[in-house]
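Hi,

Here is the structure I said I would pass on. Have a look at it first, and then read my notes underneath.

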Amino acid sequence: MLENYYLCGIIKKGIKMKKVKYPIGIQSFASIREDGYVYVDKTEQVYDLANNGKFYFLSRPRRFGKSLLVSTLDAYFCGRKDLFKGLAIDKLEKDWTEYPVFHIDLSNVSYNSPELLKEKLSSEVAKWEEEYGTNEKSSDPAIRFGTLIRLTSKKQGKKVVILVDEYDAPLVNLIHKPELLEANRETLSGFYKNLKANDQYIKFAFLTGVTKFGQLSVFSALNNLKDISLNERYQKICGITEEELHRDFDDGVATMAVKNKMTKEECYDRLKEMYDGYHFCKEGVGMYNPFSLLNALDDKEFGSYWFQTGTPTALMLALRDTNADITHIAGQMVNAEVLQSVNSYQTDLTALLYQSGYLTITGVAPTGALIIDFPNEEVRLGFTNQLIPIYSSLSSGTSSSLSNRIKLALMEGDVDTYIAEMRTLIASIQYEFFKQTEQAFQFIFYVTGILLDAKDLLTTAEKRTNRGRIDMLVETMDYIYIMEFKLDQSPEVALQQIKDKDYAEQWATDPRKKILLGVNFSTEIRNIPEQKGYEFISV
């Protein structure tokens, strides 16, 4: 478990800086406020949310502060005025009315059988029945929940509040198990129907999750929910903005800068590259991943924290099993409707990747379509690091070592070593992946390129020119690699295409050395034959 880091003993103009406790992994609003952890004040938006609507749904990536938001709403509707002293809501709320609150978190069970979900729901309902003195003899948790809502409201003389954290946990990890997913969907659909059927007894209802399943899930029964996931008004309700980082964590950034022998401005820039970049509406403000940012400030290290909390195995398996074209995922243009609903795990992987936090909105095309891409360096590298072990027999450690050797070869202009290392990687890829297509091999090169992508090594797939499309472009500080892939032909044929279409023309005045690289894939050996097909262009 990470220990809290206290900012102390740092002298600034002769005064010791204020001690800071980072709420890493703490999802209880009461604990943060009572135990003195730093809290990024979101209560003005909480008040707006609670007093300007009734039924809401919010999708945000995992570890993005959803549970803390739900806990904050819980404390607010329980009338815990003491916890909000000094916060924005303290000046807005006058009544502090206490309501019966049904707060359920569905994230802490594996749900690998339909019975486990029913047991979880029954356990939660039983807890509320005991608290509010109601009793329904049915064994169906959905029926008991409906009775609980009605009787509690009548007995208390107040409408009830329903808060569901990670509503989709029984579904999202089962996208590669459609039969179990369907069984859990039916159970949840029956349970959540109570939110619409008992509208007159409900003051406020709020559901959070990573994904918004459409036809597959409960939203066919919950068409009264207002989805605020892409709503500009609530874009800042989870996560940390640049302004909040400077306002609430400036001392922490200063300490981190000293530890890493950087200026404070350089530290801010590096934190932005690593953890900022999430956008939740058109032309929205950038949001930092709070879990990664707080861990980085606590450790004073620019680590990959988001991926250390759990490998997205189900999503990666879905990518593999549906033969998704990874080379076109980043940088694509989509309509907002695509990002707001997941109707099938076989066809909506773009939406899943966006809602899960691996892609985000990075711009708006002239047509009005949204441009989506990786939000930051942590996600880009973490995502591609997960891909290679999913498709190959290599462990994460082995693939990382191999990637470093490949990067070194590219940085040094050592094409022979680069191709030799790529042969090693291709040899580890599972047999089923190869469909005897050029795209399969291109994918391997591209994923490896993304994994290496950084300030000093940039990779672009299918780079458009006035004469055609370059299969892959790699740029380092000293070299520009222009690559063409062929299937069962020869590297010379691929190299000749680069020359015939004069792909290198647009870099004619660039002082870097150009390497034209033709690569042939043999379907017989399912690898690159021992052939050379490259040429250096001197400047």
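Below is what turned up, starting with charged pairs and moving on to the cores and one helix.

Before anything else, keep in mind that this is a predicted model.

Salt bridges first. Searching the whole structure turns up 20 of them. One pairs Lys120 with Glu124, with 3.1 Å between the closest N and O atoms. Why are Lys120 and Glu124 separated by about one helical turn? They sit four residues apart in helix H4 (residues 114–132), so about one turn lies between them. In general, residues three or four places apart in an α-helix point the same way, because there are 3.6 residues to a turn. As for surroundings, Lys120 and Glu124 are both buried.

Helix H10 (residues 264–275) has a pair of its own: Arg270 and Glu273 are three residues apart there, about one turn of the helix. Their side chains meet in a salt bridge at 3.0 Å, N to O. Arg270 counts as partly exposed because its relative accessibility is 23%, and partly exposed means between 20% and 50%. Glu273 has 28% relative accessibility, so it counts as partly exposed too.

Two more to click on: Asp510 forms a salt bridge with Arg512, where the closest N and O atoms are 2.9 Å apart, and both of these residues are buried. Then there is a network of salt bridges linking Glu34, Arg80 and Asp82.

Now the nonpolar cores. The largest has 51 residues, and those touching the most other members are Leu49, Leu73, Phe77, Phe84, Leu163, Phe204 and Phe206. Helix H3 (residues 66–77) gives this core its largest share, six residues. If you want one residue to start from, try Phe77: leaving aside residues up to four places away in sequence, Phe77 touches Ala50, Thr97, Glu98, Tyr99, Val101, Val161, Lys203 and Phe204. There is also a second, separate core of 35 residues, which includes Tyr111, Ile162, Leu180 and Tyr201.

Last, helix H11 (residues 290–299). Is it largely enclosed or largely open? Nine of its ten residues are buried, so H11 is largely enclosed by the rest of the structure. Among the buried ones are Pro290, Phe291, Leu294 and Asp298. At the N-terminal end, Asn289 caps H11, with a side-chain oxygen 3.0 Å from the backbone nitrogen of Phe291. After H11 comes Lys300, which has a positive phi, near 60°.

Cheers

Methods: Residues are numbered from 1 along each chain as its sequence is written. This is a predicted model: local features need pLDDT of at least 70, side-chain atom pairs count only at pLDDT 80 or more; totals for chains, interfaces and linings use all residues. Side-chain values use heavy atoms; hydrogens and water are left out. A salt bridge is a side-chain nitrogen of Lys or Arg within 4 Å of a carboxyl oxygen of Asp or Glu. Helices (H or I, at least four residues) and strands (E, at least two) are DSSP runs, numbered from the N terminus. Buried means under 20% relative accessible area, exposed over 50%, partly exposed in between (1.4 Å probe, protein chains only). A nonpolar core is a set of buried Ala, Val, Leu, Ile, Met, Phe, Trp, Tyr and Cys residues joined through side-chain atoms within 4.5 Å. Contact means heavy atoms within 4.5 Å. A polar contact is a pair of N or O atoms within 3.5 Å; within protein, one must be able to donate a hydrogen and the other to accept it, and residues adjacent in sequence count only if both atoms are side-chain atoms.
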